Amino acid sequence: MIRIVTLDGLDPGDVAFLSGTLYRAFGVGTEHAGDKPVPPEAERKDGRLDAIKLLREAPHVRALPDDKVLYLTSAPLALPPGPLGEPPCWGFSDFGGERAVVSTARLPARGVSEASIEAWRKRLAREAVHALGHTWDLHHCYDARCAMHPSWSQGLAERPDMELCTFCREKSERKIRLAKT
């Protein structure tokens with residue numbers, strides 16, 4: 001089961017679209033587990049959220065051992081700088097763990113037309129599939145059409161697919177089948 005937790009308001013239609021997309025991507029049930037507050041420990045002085053602290057300190061969500069929890073926020077996320085500086089951050093996951101977070105801050109503007117809302121929802125879904133893929137041990141994929149292709153890649157299409165390639169889908173299905181519950 002994938003439990004979606006919103007850390008600030010999100011349109012119920014957006015959550016429903018995301019839920020359906022996650023079900024199609026991974027073949028497991030999804031539910032909106034409600035709204036939770038942002039943990040104060042994750043808040044930074046620059047207005048961004050520390051992604052690592054957010055996952056560590058996020059409010060508890062009732063879940064079974066093999067469930068995944070996806071937190072959604074509109075606040076920008078921050079990661080510690082690496083050798084090349086601070087990486088861009090659309091989302092963050094406990095690789096092989098149970099929690100992931102996705103921010104809508106880097107997504108294109110949502111707009112008000114049906115086309116812009118649909119494009120926004122698809123991009124949110126793509127980032128959520130990507131983040132949750134990491135919780136099922138999926139690495140970045142070379143196929144630019146795959147949702148596991150890195151969001152920071154120059155080869156990423158303007159409107160990237162929200163589907164997994166055959167290799168990534170089969171790998172995630174194996175991990176899900178081997179789950180204990």
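Modeller: A charge is counted as sitting over a ring if NZ of Lys or CZ of Arg is within 6 Å of the ring centre and within 35 degrees of the ring normal. In this model, which is predicted, Arg110 lies over the face of Trp120, at 5.4 Å from the ring centre.

Colleague: Which residue lies over the face of Trp90, and at what distance from the ring centre?

Modeller: Over the face of Trp90 lies Arg106, and the distance from the ring centre is 4.7 Å.

Colleague: How should I read two rings side by side, and how many aromatic pairs does a search of the whole structure find?

Modeller: The angle between the planes decides the class: under 30 degrees counts as stacked, over 60 as edge-to-face, and the rest as tilted. A search of the whole structure finds 1 aromatic pair. Its rings belong to Phe26 and Trp136, with centres 4.7 Å apart and planes at 40°, so the pair is classed as tilted.

Colleague: Where do Phe26 and Trp136 lie, and are they buried or exposed?

Modeller: Phe26 is part of helix H1 (residues 12-26), whereas Trp136 belongs to the loop between H3 and helix H4 (166-177), so the pair ties together parts that are 110 residues apart in sequence. Both Phe26 and Trp136 are buried.

Colleague: Let us turn to helices. What span should the residues of helix H3 cover, and how far apart are its end C-alpha atoms?

Modeller: The general idea is that an α-helix has 3.6 residues a turn, so residues three or four places apart point the same way. For helix H3 (residues 114-135), with 22 residues at 1.5 Å a residue, the span should be 32 Å, and the end C-alpha atoms are 32 Å apart, which agrees.

Colleague: How many residues of H3 are buried?

Modeller: A residue is called buried when its relative accessible area is under 20%. In H3, 17 of the 22 residues are buried, so the helix is largely enclosed by the rest of the structure.

Colleague: Which residue with a positive phi follows H3?

Modeller: H3 is followed by Asp137, which is placed in the loop between H3 and H4. The phi of Asp137 is near 65°, a positive value in a residue other than glycine.

Colleague: How does one look for empty space, and what volume has the largest pocket?

Modeller: Rolling a probe the size of a water molecule over the atoms shows where empty space is left. In this structure, the largest pocket has a volume of about 440 Å³. It is lined by 17 residues, and the closest to its centre are Leu79, Pro88, Gly91, His140 and Trp152.

Colleague: Which elements give two or more residues to that lining, and what classes of residue does the lining have?

Modeller: Strand S6 (91-93) and H3 are the elements that give two or more residues, and the largest share, 4 residues, comes from H3. By class, the lining holds 10 nonpolar, 6 polar and 1 charged residues.

Colleague: Finally, how should I read accessibility for single residues, and does Cys165 count as buried or exposed?

Modeller: With the limit for buried set at under 20%, Cys165 counts as buried because its relative accessibility is 13%. Cys165 lies in the loop between H3 and H4, and from Ala63 it is 102 residues apart in sequence and 28 Å apart in space, C-alpha to C-alpha. Val61, in the loop between helix H2 (51-57) and strand S4 (68-73), also counts as buried, at 8% relative accessibility. Val61 and Gly34, although 27 residues apart in sequence, are 9.1 Å apart in space, C-alpha to C-alpha.

Colleague: What relative accessible area has Gly20, and where is Gly20 found?

Modeller: Gly20 is found in helix H1, and with a relative accessible area of 23% it is partly exposed. Another partly exposed residue is Ala179, at 28% relative accessibility, which lies in the segment after H4.

Technical notes. Residues numbered from 1 in each chain as written. Predicted model: local features only at pLDDT ≥ 70, side-chain atom pairs only at ≥ 80, totals over all residues. Heavy atoms only, no water. Expected span 1.5 Å × (residues − 1). Buried < 20%, exposed > 50% of the residue type's maximum accessible area, 1.4 Å probe, protein only. 1 Å grid on protein atoms, 1.4 Å probe; cavity = no way out; pocket = protein on both sides within 12 Å on 5 of 7 lines; lining within 4 Å. Points joined across faces, edges and corners; volume = space filled by probe spheres on them. Nonpolar A, V, L, I, M, F, W, Y, C, P; charged D, E, K, R; others polar. Phe/Tyr/Trp six-rings, centres within 6.5 Å; stacked < 30°, edge-to-face > 60°.
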